[in-house]
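Me: I have a structure open and would like to go through a few spots with you. Can we start with one side chain and work outwards?

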Amino acid sequence: MPELPEVEVVRTGLEPCLIGRRILTVTCHRPSLRYPLPDMGSLSGCRIVAVGRRSKYLLIEVSDGRVLVWHLGMTGQFHVLGSEVSAGKHEHVRIDLDDGTSLRYRDARRFGYAGLLAADQLAEHPWFAALGPEPLGDAFNGAYLAELCRGRKAPIKTVIMDAHVVVGVGNIYAAESLFRAGIHPGRAAGRIAGARLDLLASSIRDVLREAISAGGSTISDFVRADGRPGYFAHAFQVYGRKGQPCLVCGEGIRRIQQSGRSSFYCIRCQH
């Protein structure tokens, strides 16, 4: 599933193509994806004024004060193509723009979903109301983590993947961040000293920034808006490397199951 870096890469790819463009028509080839689609025809005539992101949601703000909110699910992809290009496989939504291009949404498994919300009520909507801070923002740091981890017996990997604590730290990026911070994924969150949580917060930010710079991580379906894959997978130090030597100490990378997800770690470097 696309995580924060992948969604941010899609956002930055779409932004220069969409800002200032007026929506001519919207065509939905099916009435629903994961949930019923909103009345997207009402976007006709609106101008796109901003392309943002909150957690793993894309936010396309239009001139009448509404925001088209989109979650990519597992296999959702956006592409900007010429209006003359015919619909591709698994294409479900087409938004024609006034410069002769069109924004296409494709989703093989149809787990993505969308909503049309008032911009001034976005933070109160159930999709957003309980979300934690953005990991790349000023509100996320070691002191914040220490406060949230105090007294908690849950494994630290579970805590940092909790969107109520901090958004966007998916399984891949949690594993890579914990490795850089030298923290075992199964260690109880409340038993980690403040200095190590400072390092973990910095590691999370560094890993996410590097992933964004590399275009995200393509494991199966993710591609950027221009169709290219993301290359951060080439920089994985532990994720998906069970049995391979640690790039720091040479010890074999191990894998355990945590909450139904695979966790990869080095038994020597992480404790």
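Me: Leaving aside its neighbours within four places in sequence, which residues is Lys157 in contact with?
Reply: Keeping in mind that this is a predicted model, Lys157 is in contact with Asn171, Ala174, Ala175, Leu178, Pro185, Gln258, Arg261, Ser262 and Ser263. Lys157 itself belongs to helix α3, which covers residues 156-160.

Me: And where is the nearest side chain of opposite charge to Lys157?
Reply: That side chain is Glu3, which is 10 Å away, and Lys157 has no salt bridge although it is buried. What the Lys157 side chain does have is a polar contact of 2.4 Å with the side chain of Asn171.

Me: Asn171 is in α4, then; how many residues of that helix are buried?
Reply: Helix α4 spans residues 171-181, and 10 of its 11 residues are buried. Among them are Asn171, Ala174, Ala175 and Leu178, each of which is also on the contact list of Lys157.

Me: What do the buried residues of α4 pack against?
Reply: They pack against three helices, namely α1 (4-18), α3 and α5 (194-213), and against the strand β10 (261-266). Just after α4 comes Gly182, with a positive phi of about 70°.

Me: Switching to the strands: in what order do the 4 strands of the open sheet run?
Reply: The order is β2-β3-β4-β8, with antiparallel pairing. Because β2 (48-54) and β8 (113-118) each have a single partner strand, they stand at the edges, and one side of each is left without a neighbour in the sheet. On average, and ignoring direction, neighbouring strands of this sheet are turned by 20° against each other.

Me: Which helix packs on that sheet?
Reply: Helix α1 does, touching β2 and β3, and its direction makes about 175° with that of β2. Within the sheet, β3 (residues 57-62) and β4 (residues 66-71) are joined by 5 bridges, and Leu58 stands opposite Trp70 in β4.

Me: One more topic, the loops: what is the phi of His90?
Reply: His90 has a positive phi of about 65° although it is not a glycine, and its place is in the loop between β5 (76-82) and β6 (91-97). Its relative accessibility is 35%, so His90 counts as partly exposed.

Me: And Arg110, where does that one lie?
Reply: Arg110 lies in the loop between β7 (101-107) and β8, and its phi, near 60°, is likewise positive in a residue other than glycine. At 34% relative accessibility, Arg110 counts as partly exposed.

Note on methods: Residues are numbered from 1 along each chain as its sequence is written. This is a predicted model: local features need pLDDT of at least 70, side-chain atom pairs count only at pLDDT 80 or more; totals for chains, interfaces and linings use all residues. Side-chain values use heavy atoms; hydrogens and water are left out. Helices (H or I, at least four residues) and strands (E, at least two) are DSSP runs, numbered from the N terminus. Buried means under 20% relative accessible area, exposed over 50%, partly exposed in between (1.4 Å probe, protein chains only). Lys and Arg count as positive and Asp and Glu as negative; His and the chain ends are not counted. A salt bridge is a side-chain nitrogen of Lys or Arg within 4 Å of a carboxyl oxygen of Asp or Glu. A polar contact is a pair of N or O atoms within 3.5 Å; within protein, one must be able to donate a hydrogen and the other to accept it, and residues adjacent in sequence count only if both atoms are side-chain atoms. Contact means heavy atoms within 4.5 Å. Two strands pair if DSSP finds at least two bridges between them. Axes are lines fitted to C-alpha atoms, for helices over the stretch in contact, and angles run from 0 to 180 degrees between N-to-C directions.
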